[in-house]
Amino acid sequence: MTVRVERSEDHRAVHALNERAFGRPNEADLVDCLRRSNAFVPGLSLVAEDLEGRVVGHLMLSYVVLAGGPALRVLSLAPMAVEPEVQGRGVGSRLVLAAIDAAETREEPLIVLLGHPWFYPRFGFEPASRSGIEPPHPVPDQAFMVRRLGRWSPDVRGKVIYPDCFAGVD
Ligand SMILES: CC(C)(COP(=O)(O)OP(=O)(O)OC[C@H]1O[C@@H](n2cnc3c(N)ncnc32)[C@H](O)[C@@H]1OP(=O)(O)O)[C@@H](O)C(=O)NCCC(=O)NCCS
């Protein structure tokens, strides 16, 4: 399996993969919307490709704004999807580690996400409240997480404002 940056010819496969993994179109539409938005970062939409060249995993890092402090953009990991039939075989882990590497390379301070508390802590994600990062709406503390990176500092804090693309995803 290979993890690489998404190419334009992957867009349809990524859309279909997100639909299958989430069982609804919302996250697939979110990916398409983010790609067209100014939150999108070329090079931070990653795919996992199997030996036959099939896209079996995808994740996107894009920008969100931190309000309530000095105006700052930080990376958000959303959405993330692995083909249902290959889940539990390490594809998701490879993608998350690649995303962390890519964010470190860009000298970003942190990655924020809303996700499964049983999956992300193994990669160093911890409740965002510990870093003074607040969700836009009340969510379970354990599910709203931050991975501090090498360039993290305590002044990177505030309430996360998601782009409008997220309106269709709860
Ligand atoms: C979440 C997801 C991306 C993980 O990808 P993956 O390729 O299955 O991840 P990995 O194989 O690297 O690791 C999965 C780990 O989670 C564990 N796990 C899977 N489902 C679990 C559950 N319901 N409760 C607790 N642990 C669970 C697995 O046992 C495995 O742990 P292990 O390595 O200690 O055995 C994938 O399951 C997925 O696409 N789910 C549907 C969409 C989704 O929920 N996306 C994420 C939104 S936050």
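Here are three short exercises on this predicted model, each with a worked solution.

Residues are numbered from 1 along each chain as its sequence is written. Because the model is predicted, local features need pLDDT of at least 70 and side-chain atom pairs count only at pLDDT 80 or more, while totals for chains, interfaces and linings use all residues.

**Exercise 1. The ligand's surroundings**

Find where the ligand sits and describe the shell around the ligand.

Solution. Start with the site: the ligand sits in the largest pocket. A pocket here is an open set of points on a 1 Å grid over the protein atoms alone, where a 1.4 Å probe fits, with protein on both sides within 12 Å along at least five of seven lines; a molecule sits in a pocket if more than half of its atoms lie within 2 Å of its grid points.

Next, sort the shell by class: 10 residues are nonpolar, seven polar and two charged, with Gly counted as polar. Then look at the elements. At least two shell residues come from each of α1 (11–22), β4 (72–82) and α3 (91–105); helices (H or I, at least four residues) and strands (E, at least two) are DSSP runs.

**Exercise 2. Polar contacts of the ligand**

Which atoms of Gly90, Ser93 and His116 lie close to oxygen atoms of the ligand?

Solution. A polar contact is a pair of N or O atoms within 3.5 Å. Take Gly90: a polar backbone atom lies 2.7 Å from a ligand oxygen. For Ser93, the partner is a polar side-chain atom, at 2.5 Å. His116 also uses a polar side-chain atom, at 2.7 Å. Finally, check the cover: the ligand alone exposes 940 Å², and the protein buries 65% of that (Shrake-Rupley method, 1.4 Å probe).

**Exercise 3. A disulfide and a cis peptide bond**

Locate the disulfide, then the cis peptide bond before Pro79.

Solution. Cys33 and Cys165 form the disulfide, with sulfur atoms 2.1 Å apart (the cut-off is 2.5 Å). Their link is left-handed, at -75° about the S-S bond. Cys33 lies in helix α2 (residues 26–36) and Cys165 in the segment after β9 (158–161), so the pair ties together parts 132 residues apart in sequence.

Now turn to Pro79, which is in strand β4. A cis peptide bond joins Ala78 to Pro79, with omega about -10°.

Key
Side-chain values use heavy atoms; hydrogens and water are left out. A polar contact is a pair of N or O atoms within 3.5 Å; within protein, one must be able to donate a hydrogen and the other to accept it, and residues adjacent in sequence count only if both atoms are side-chain atoms. On a 1 Å grid over the protein atoms alone, a cavity is a set of points where a 1.4 Å probe fits but cannot get out, and a pocket is an open set with protein on both sides within 12 Å along at least five of seven lines; lining residues have an atom within 4 Å of a point.
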